[in-house]
Each structure stands twice: as C-alpha cells, then as structure tokens.
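Thanks for coming. I have one structure to go through today, so please look at the sequence and the model while I talk.

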Amino acid sequence: MSSELTVIVLAAGGGTRMKSKTMKVLHPIGGRSMIGHVLAAAAALEPDRIVAVVGHQREQVSAHILGLVPDAVLAVQESQDGTGHAVRVAMDAVGTTTGTVIVATGDTPLLQGDSLRAFAAEHEAAQRSVSILSGLVDDPFGLGRVLRNEEGDVEAIVEEKDATTDQREIREINSGILAFDAEFLVGALPRLSNDNANGEFYLTDTISIAREDGLTVGAYPIDDVLQTEGVNDRVQLARLGAELNRRIVTRWMRDGVTVMDPATTWIDADVVLAADVTILPGTQLLGATVVGEDAVVGPDCTLKDCEIGPRARVVRTQGELAVIGEDATVGPFSYLRPGTVLGARGKIGGFVETKNAVIGDGAKVPHLSYVGDAEIGEGTNIGAGTIFANYDGVRKHRTKVGKHARTASNNTFVAPIEIGDGAATGAGTVVRGDVPPGALAVSAGPQRNIEGWALAKRAGTAQAEAAEAALSDGSGGRPDDEQRVAESD
C-alpha cells in the first residue's frame, strides 16, 4: 500500500446463534479458526498494524489472536453497542493514525488477502473518504442494502430492520468490510447516532455523514461475494466449510495434484502438497501436513500435522505429528501417534500402533504390533505380534533395537533394554535384559504336553468329544506316515 494502513478486525460479539460455549470466531473451519482466516487475509496487506476488537470471552479470544499475530493491538469493547462503537474503541486504542483504515469482521472465513488488497488499492486510487466492499446476491434478507442515487453514486447503507419495502428489494449488499480515510473516520465516529431500531451505533452511518460533508463515497463490488459471507450458526459454518474445502481441493488439482474423489477428500488450508501427489478417496489431510512428490495417500486416511516423503505410500492410516520417509509404506489400519519417525524405505504394516518411535531406514514393523518409546535400527525386522512394553505404571522407558536385527513373532520387550546390532530373538520370547550384538535371546522352556487334559477338565463339551473321538481311532487324530504319503500324492 502507498500510505499508512491500519486493519481493524471486529471480534467482540457473542455469537449466540452458534449455541456454543466456544466463542463464534474461534470455531474451526479448514484447519484454522474463523478469525484465523481473516487475520491471514489482513496480514497479506502487510499493514502497519492490526487491531482486534474483543469483548465476549476476551481472555480466550485475545490469547488466540496474539498466538497468530503477536504484535496485534487489542481493544476491549465492554458493551456491544454496535459496529460504530467497536471501531471507535479500536481507534482509541491505536491513537493518532493517518492513511487508510480497513474494517473487517472476524467471522468471514473465505476472505482472501488478494481481494482485500485489491479493495484497499482501489479505495486509495479513488481518494475516497469511504469505500464499501459490496456484492450482488439473490437473497439479500438480513443484510444491509447499498443505496445509490439516479447517477449511481452511493448515498447510504440501510439495515434490514430500518429499510422500506422498496429498499428491501435492492440486491446490492454491504459486506460489512469498509475502507476509510483515517482523518475522516476519526472525525465521523463521534457524530454517529444510535437512533435506530436496534439502538446501536452503526459504522455504516459514516456514509451519510460523508455525503453530508460533500465527500466521496464509493462501492467496490466483489465478484466472489462468498468471500464476504459471515457465519452466524453451525449450518452456515458447515456450508462455508464445504465450500472452502472445495476451493482448496480445486486449487491443488489445478497445481498438479491428483484427487480421485474430491467429494470425499478434505484438505486444510495450511496443508502443502507437491506435484504429482495422488490422494485417494476418503482422505483427510489436516493441520500443517506436508506431502512429497509422487506420494500416494489413501484411501481412508486421516493425517494431521504429518510429513510424508516423496514416493511414500500410506493406506488406511490415522496419524498425527508423524514423519514418513521417502519410499516408505504404511498401512493398512495403522495408527501413528505423535513422535513416530519412519525412515526411508521403511515399513509400518497392518494393525501396527507406534508412538514416540524412530524406525530406521529400511526397517520394518510389518504386522500386529505396538511400538512405543523405541528406536529401531536400519534394516531391522520386528516380528508379528511384538509389544514394546514401555510403561512400568509410573514412568515411560525406552527400548533400543540395533541395526539388522531379526526379532521373532510374539515377543515382548520390557523396557528399558537394548538389543544389539545383528541380534535375534526366538518366538514367544520375553526380553527383560540387554541382548549383545549377534546373540540369540530365548526365554521359553521346552514344550510340555499334559495328556488327557480336555477329557479331565472339559468333560461333556464339544472339545472333549472331539478329543475322545480322535483318541479312540488309535491315530491320535494325526495321519500316519502312509496316510501322509497318500495325501501328498
């Protein structure tokens, strides 16, 4: 922008129609809060300052805003007496300012920085006192109408409750986003009146003041009017959420991402996808997830704040704060909890849960295992049904498995232990102590058969009857050598 720029974001209202204990502007949509989207659009203008007007639940809202924009100026509106009063509170918090002031609302999550920048630039180029971001809608009910004279000049904005029957037929609406010359705004705010149906100070009444003073007022119609639509209830939240997702998915497809079924794919606003990524049906990519080139994700995956390397393949997996290396494979039915790091060409297979685990390059956890608080070295294979017993009831402990180790099925590793490079374990082993490199650890004793147990302990059951029948034919239920040969032939 060519002059000093202040952006005011109104976020004080209670949002009672949401029927929620959560403040309206904090409701999430597309991976951000509603006000988070508006603040991102405002930041795209690179303003000199962003002022947020807070009121209801100010502690939570203020903390959230400062988490997103640490240098934001917070202005507290003790009583919600209208938009004019809110902006006056904001200007009092700023003090002396010049240039342009943009006023936006915190509940317009589709608003884009490019649109806001174009609006501000047009306002400055026209040297207006007031500019309205307007739009044409089929159903303007409940929205302020833009009133023009016979020459097409903007004369005023009238709210629904104050409009005449003829005025209610007007389809050009005020979006609630306005631009002001700062000097004019400072002088106009004290002149606002609350003599209206709601008993509030309307910011839009500054337009009539500007006209009375012979100053220039204009409207800048936005083609994509949905960018200015506010959310008042959860029905609107869901509808705009679906529209936001449609736009995000469309943008990624145009940028070279294959989305097999856009209707069942959800991608948050901060997700980053490389060229030639393929997203299969039923996939949700949430938070700050990043997916590398040629990776395939889905079907039926939910990944939040994950990093997926190039050419990786992730199938029917739930993951959060996990890193999957290049050419690695995950799934199906895997659960990657925070702290999971899978190296290049590694594998986390079906029905495997991992947590705070670093699995090295080429290492594999193929089947039915829990790996928690662990480090698994390069090229190691973990047998099916393995449990990393990391919790003693008080503290978590860590297990380290070295490079190119081979552990058998149904093992339990009782942490803290270390299994050396090239070591092995036998099936069913409970490893309670360290295993030296190259050693084989076994803990099971010789097999012992208790003859007649089913007949003695399960008499009268189908189990006992089957055992008795097998024993009575003299073969013990096993084919003899001749039978085996005949069957093999």
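**Strands, ring pairs and a pocket**

S134 stands opposite P221, and P221 belongs to β11. That is my starting point, and a word on the source before I go on: this is a predicted model.

The two strands behind that contact are β7 and β11, the latter covering residues 217–221, and they run parallel with five bridges between them. β7 also has a partner in β10, residues 172–181, and here the pairing is antiparallel, over six bridges. On that side, I132 is the residue that faces L178 of β10. How many of the seven residues of β7 are buried? Six are, so β7, which spans residues 130–136, is largely enclosed by the rest of the structure.

Staying with β11, I move to aromatic contacts. The search over the whole structure gives three aromatic pairs. One of them joins F119 and Y220; the rings are tilted, with 40° between the planes and 6.0 Å from centre to centre. F119 is in helix α4, residues 113–126, while Y220 is in β11, so this pair links parts that lie 101 residues apart in sequence. Are the two rings buried or exposed? F119 is buried, at 0% relative accessibility. Y220 is partly exposed, with a relative accessible area of 24%.

Another pair is F388 with F413, and this one is edge-to-face: the planes are 85° apart and the centres 5.0 Å apart. F388 is part of strand β31, residues 387–389, and F413 is part of strand β33, residues 412–414, so the pair ties together parts separated by 25 residues in sequence. F388 is buried at a relative accessible area of 1%, and F413 is buried too, at 0% relative accessibility.

Next, the open sheet. Which strands make it up, and in what order? There are seven, in the order β12-β15-β18-β21-β24-β27-β29, and the pairing is parallel. β12, residues 258–259, and β29, residues 364–367, are at the edges; each has a single partner strand, so one side of each has no neighbour in the sheet. To take one pairing from this sheet, β24, residues 329–330, is joined to β27, residues 347–350, by two bridges in the parallel sense. V330 has I348 of β27 as its bridge partner.

Now the second largest pocket, which has a volume of about 320 Å³. It is lined by 15 residues, and those closest to its centre are L111, Q112, L244, I248 and R251. Which helices each supply at least two residues of the lining? They are α1, residues 34–43, and α7, residues 234–254. The largest share comes from α7, with four residues. By class, nine of the lining residues are nonpolar, three are polar and three are charged.

One of those central residues comes up again. R251 places its charged end over the ring of W252, at 4.7 Å from the ring centre. There is a similar arrangement elsewhere to show: the charged end of K396 sits over the ring of Y391, at 5.5 Å from its centre.

To go back over the main items: β7 pairs with β10 in the antiparallel sense and with β11 in the parallel sense. The F119 and Y220 pair connects α4 to β11. In the pocket, R251 is among the residues closest to the centre, and its charged end sits over W252. That is what I have; questions are welcome.

Key:
Residues are numbered from 1 along each chain as its sequence is written. This is a predicted model: local features need pLDDT of at least 70, side-chain atom pairs count only at pLDDT 80 or more; totals for chains, interfaces and linings use all residues. Side-chain values use heavy atoms; hydrogens and water are left out. On a 1 Å grid over the protein atoms alone, a cavity is a set of points where a 1.4 Å probe fits but cannot get out, and a pocket is an open set with protein on both sides within 12 Å along at least five of seven lines; lining residues have an atom within 4 Å of a point. Grid points are joined across faces, edges and corners, and a volume is the space filled by probe spheres set on the points. Ala, Val, Leu, Ile, Met, Phe, Trp, Tyr, Cys and Pro count as nonpolar, Asp, Glu, Lys and Arg as charged, and the others, Gly among them, as polar. Two strands pair if DSSP finds at least two bridges between them. Buried means under 20% relative accessible area, exposed over 50%, partly exposed in between (1.4 Å probe, protein chains only). Rings of Phe, Tyr and Trp (its six-membered ring) pair if their centres lie within 6.5 Å; planes under 30 degrees apart count as stacked, over 60 as edge-to-face and the rest as tilted. A charge sits over a ring if NZ of Lys or CZ of Arg is within 6 Å of the ring centre and within 35 degrees of the ring normal.
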